[in-house]
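Colleague: Got a minute to walk me through this one? I'd like to start with the pockets.

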Amino acid sequence: IATLPLDPTSKEAMVENRLASKETALQNLLDDTDDDGELTRTNLAEASKLKAEIEQLHFDDCGAVLLANMAFYDAFSSRDIDAMKEV
């Protein structure tokens, strides 16, 4: 999917950067194993925590999209061009 470049100061860019940082940290934890090739208990616990945080960020992002869609369609239904531009 092609995406437009994000304004680096936008809230969306900040969320995407947090998400990318957490996903990188999770991958690093999963790549770090003990001598037997197993995840340590500490890494497993931290990976579980990061996974939950990533899922929450995705959930929040989906909610934001739904709210924006609803605001746009409300403005569209009432033919409020200024409100559509704000969304």
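Modeller: Sure. Keep in mind that this is a predicted model. The largest pocket holds about 350 Å³ of space.

Colleague: Which helix gives the largest share of the lining of that pocket?

Modeller: That's α2, with 7 residues. Both α1 and α2 supply at least two residues each. Among the lining residues are Lys11, Arg18, Leu57, Asp60 and Asn69.

Colleague: And how do the lining residues divide into nonpolar, polar and charged?

Modeller: There are 5 nonpolar, 1 polar and 5 charged residues in the lining of the largest pocket.

Colleague: Back to α2, then. How far apart are its end C-alpha atoms?

Modeller: They're 54 Å apart. Helix α2 has 37 residues, 41–77, and at 1.5 Å a residue it should span 54 Å, so the two agree.

Colleague: Which residues of α2 are buried?

Modeller: Asn43, Ala47, Leu50, Ile54, Leu57 and Ala75. The buried residues of α2 pack against α1 and α3.

Colleague: New topic: how many aromatic pairs are there in the whole structure?

Modeller: The search finds 2. In one, the rings of Phe72 and Tyr73 sit with centres 5.5 Å apart and planes at 85 degrees, so that pair is edge-to-face. Phe72 also pairs with Phe76, and that one is stacked, with 6.2 Å centre to centre and 20 degrees between the planes.

Colleague: Why are Phe72 and Phe76 separated by about one helical turn?

Modeller: Because they're 4 residues apart in helix α2. An α-helix has 3.6 residues a turn, so residues three or four places apart point the same way. Ring pairs link Phe72, Tyr73 and Phe76 into a cluster.

Technical notes: Residues numbered from 1 in each chain as written. Predicted model: local features only at pLDDT ≥ 70, side-chain atom pairs only at ≥ 80, totals over all residues. Heavy atoms only, no water. Expected span 1.5 Å × (residues − 1). Buried < 20%, exposed > 50% of the residue type's maximum accessible area, 1.4 Å probe, protein only. Contact = heavy atoms within 4.5 Å. 1 Å grid on protein atoms, 1.4 Å probe; cavity = no way out; pocket = protein on both sides within 12 Å on 5 of 7 lines; lining within 4 Å. Points joined across faces, edges and corners; volume = space filled by probe spheres on them. Nonpolar A, V, L, I, M, F, W, Y, C, P; charged D, E, K, R; others polar. Phe/Tyr/Trp six-rings, centres within 6.5 Å; stacked < 30°, edge-to-face > 60°.
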